[in-house]
Amino acid sequence: MKKVSIISTIVIVITFVNLFLSCKKDESISQSKNTNSLKSTDNGENQSEEMLVLGEEINDPYAYSNMQLAYTNLIESGEIAPEEIYPNKIYVRFLPENEDQWQELKQDESLILYDYPLNYEIIEYGTYYHDPTLPDSAITWQYSVVPSDYQFPENIYYETIYNVYIPPMDQIEEETEDNIYEEYSTFYGKLLYESYQLTGNIDEELEQKMQQQKAKKKDKKWHPSGTIYVYDHLLNRLIPLKEAEVHARYCTHIETNLTNSNGYFYMTDGFLYKVNYAIKWERGRYDIRNGSISQAWYNGPKQKSSWSLNIWAGGKSIMYATIHRAAYKQFYGSNLGIQRPTLAVGKTKICYIDAYGTGVYWGSWSVLGIAPDIKIWGKDINNNYRNTNIIFGYTSHELGHQAHSRFIGITQFWQTSKLIYESWAQVVEWALTNDEYHTLGSIYNNYNALYYDHENGGQDWTKQDPNWEYSPIFVDLIDNFNQSIVYGSSHPNDNITGYSLQYIQNNILDDSYGLSSLYNSVKNHKISGVSDTDVDNLFSLYW
């Protein structure tokens with residue numbers, strides 16, 4: 001275990017003291033258009049929200065032992081091989097002891113990790129998996145297919161399951177509509193077909209058609225592709241889900257790609273028969289989890305055709321998708337020029353809880369082990385799923401905390417008053433959520449989204465509010481709305497407008513630890529048109 005310095009220990013204590021104070025405040029406002037009756041659809045099949053259920057073990061045609069037998073059969077039948085075949089992959093599983101080891105694996109870009117075995121049929125699709133032989137509190141086995149010369153980490157336990165041979169798929173003919181069942185013209189196409197046949201993985205319908213042609217014919221490779229859409233409550237429509245990591249695999253042959261701005265994906269390498277489709281809710285800088293320690297998935301159908309998925313409201317999957325949308329915007333997308341929440345080491349763990357609550361930022365401490373950095377709860381007090389714009393906002397708020405801590409340093413962050421760090425998270429939530437929906441409103445000509453004002457910018461705030469630290473003081477530097485005129489003198493007199501989120505961060509935020517230092521920092525960085533009197537009036541109700 002790594003040693004923890006005294007200063008880190010002190011900060012960790014402060015972190016836990018502030019733990020539930022640094023949450024997104026609860027909103028019990030009723031929500032419209034909560035279409036909980038809608039479900040995800042993928043070519044007519046619905047996914048269970050529970051744990052994935054495995055069936056029988058598959059005799060993997062890509063296992064080297066099977067490929068070697070197929071190779072021998074072809075040679076004995078008179079085929080001429082361009083070269084000998086040797087294992088070029090290893091099918092393995094890792095068992096991380098703790099979060100640090102898991103993060104170490106996740107940071108290895110050569111690894112595509114699954115938390116369920118690849119050589120088993122899936123008989124019930126679900127959003128997560130945990131090996132039933134392991135305690136619920138343990139990180140489950142992580143399965144992967146690695147290059148044969150892979151250098152395994154010395155500190156992480158692993159087991160080799162079997163060696164694998166993936167033929168050069170670029171030397172197998174493409175499938176065409178004119179004649180799907182023409183014979184392969186390459187040795188590798190025949191080798192792959194022979195191994196599928198030996199292991200009992202030939203598609204029965206295809207085999208019947210081949211027999212009807214009275215000749216031994218081979219199916220040609222095809223490229224998995226498809227389009228992913230997700231429902232949005234405010235827009236009241238499906239929108240493309242961009243930058244989601246889609247997987248296509250048959251046993252240990254794995255291909256991945258990201259959806260583009262239209263929600264479309266295409267695998268550059270081909271397959272012979274059906275593939276298992278899936279979305280892994282993870283990117284290089286963040287990891288979305290089902291609960292604290294289970295990877296979140298959308299496990300789609302097994303088929304030999306493109307995958308058209310519509311993720312509707314009413315389950316965990318739309319929550320994962322919406323968290324992904326908000327996280328992508330802050331980590332990779334258009335974030336109005338502010339600090340990104342990217343950690344110096346490891347991925348941000350965003351934990352989705354399928355229960356009543358809002359959100360919390362834990363502090364990104366590796367010494368906390370399995371604890372997630374951020375938690376997002378998906379249901380309101382009536383046990384209904386929250387609308388997508390609310391979940392987008394909650395995620396933006398908690399990532400705003402993390403970006404703030406990255407900007408000024410984690411130790412300094414926890415020495416900052418709750419008024420400052422919660423008000424900053426409020427303006428990040430408000431600004432980024434508005435930006436997202438104003439952009440979508442323009443794209444889809446949707447009035448509600450185009451003129452959306454997320455949670456009204458907290459303009460109904462007063463000092464008597466039990467959650468008064470969640471104030472609009474940063475919002476009031478940007479917007480052009482004076483709440484004292486609309487709501488009365490118990491609300492701030494806001495005659496200030498014109499600041500940008502980026503300007504506030506770069507010029508005001510790093511000198512703001514409490515109300516007094518914020519007040520001085522704003523006065524020291526007034527923009528054109530703002531007077532000392534305007535600043536005095538805005539701050540007068542906060543003292």
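So, strand β14 and strand β18: five bridges join them, and the two run parallel. Before I go on, please keep in mind that this is a predicted model. β14 covers residues 286-290, and β18 covers residues 348-356. If you want a place to put your finger on the screen, take Tyr 286, which stands opposite Thr 348 in β18.

β14 has another partner too. Two bridges join β14 to strand β15, residues 294-295, and this pair runs antiparallel. Here Asn 290 stands opposite Ser 294 in β15. The hairpin of β14 and β15 has three residues between the strands, and in that hairpin Gly 291 takes a positive phi near 75°.

Now, is β14 buried or exposed? Five of its five residues are buried, so the strand is largely enclosed by the rest of the structure. Tyr 286, Ile 288 and Asn 290 point one way from β14, while Asp 287 and Arg 289 point the other way. Both sets are buried, Asp 287 and Arg 289 included.

Let's move to a sheet. Four strands make an open sheet, and reading across it the order is β11-β10-β13-β16, with antiparallel pairing. At the edges sit β11, residues 253-258, and β16, residues 297-303, each of which pairs on one side only. From one strand to the next, the twist averages 20°.

Zoom in on β10 and β11 for a moment. β10 takes in residues 245-250, and six bridges join it to β11 in an antiparallel run. One bridge to look at is that of Tyr 250, whose partner in β11 is His 253. Just after Tyr 250 in the numbering comes Cys 251, which counts as buried because its relative accessibility is 1%, under the 20% cut-off.

While we are on cysteines, Cys 351 is buried as well, with a relative accessible area of 0%. And how many disulfides does the structure hold? Zero.

On to empty space. Rolling a probe the size of a water molecule over the atoms shows where empty space is left. In this model there are two cavities of 30 Å³ or more.

I'll take the second largest cavity before the other, since we have just been looking at β10. About 50 Å³ of space lies in it. Which strands each supply at least two residues of its lining? They are β10 and β13, the latter being residues 275-280. The lining includes His 247, Ala 248 and Arg 249, along with Asn 276, Tyr 277 and Ala 278. Tyr 114, Tyr 116, Ile 122, Tyr 125 and Asn 299 line this cavity too. By type, the lining residues divide into seven nonpolar, three polar and one charged.

The largest cavity holds about 80 Å³ of space. Helix α9, residues 418-444, gives the largest share of its lining, three residues. Among the residues that line this cavity are Gln 426, Glu 429 and Trp 430. Others you can pick out include His 454, Glu 455, Tyr 470, Ser 471, Pro 472 and Val 475. Here the division is four nonpolar, five polar and two charged.

Next, a couple of backbone angles for anyone who likes a Ramachandran plot. Asn 445 has a positive phi of about 50° although it is not a glycine. You will find Asn 445 in the loop between α9 and α10, and α10 is residues 447-450. Asn 445 counts as exposed, because its relative accessibility of 72% is over the 50% cut-off.

Glu 243 is another residue other than glycine with a positive phi, this one near 60°. Glu 243 lies in the loop between β9, residues 237-240, and β10.

My last stop is Phe 413. Where is Phe 413 placed? It sits in helix α8, which spans residues 410-414. Phe 413 is buried, with a relative accessible area of 0%. If you go 12 residues away in sequence to His 401, the C-alpha to C-alpha distance between Phe 413 and His 401 is 8.8 Å.

That's the tour, and I'm happy to go back to any part of it on the screen. Thanks, everyone!

Definitions and conventions. Residues are numbered from 1 along each chain as its sequence is written. This is a predicted model: local features need pLDDT of at least 70, side-chain atom pairs count only at pLDDT 80 or more; totals for chains, interfaces and linings use all residues. Side-chain values use heavy atoms; hydrogens and water are left out. Two strands pair if DSSP finds at least two bridges between them. Axes are lines fitted to C-alpha atoms, for helices over the stretch in contact, and angles run from 0 to 180 degrees between N-to-C directions. A disulfide is a pair of cysteine sulfur atoms within 2.5 Å. Buried means under 20% relative accessible area, exposed over 50%, partly exposed in between (1.4 Å probe, protein chains only). On a 1 Å grid over the protein atoms alone, a cavity is a set of points where a 1.4 Å probe fits but cannot get out, and a pocket is an open set with protein on both sides within 12 Å along at least five of seven lines; lining residues have an atom within 4 Å of a point. Grid points are joined across faces, edges and corners, and a volume is the space filled by probe spheres set on the points. Ala, Val, Leu, Ile, Met, Phe, Trp, Tyr, Cys and Pro count as nonpolar, Asp, Glu, Lys and Arg as charged, and the others, Gly among them, as polar.
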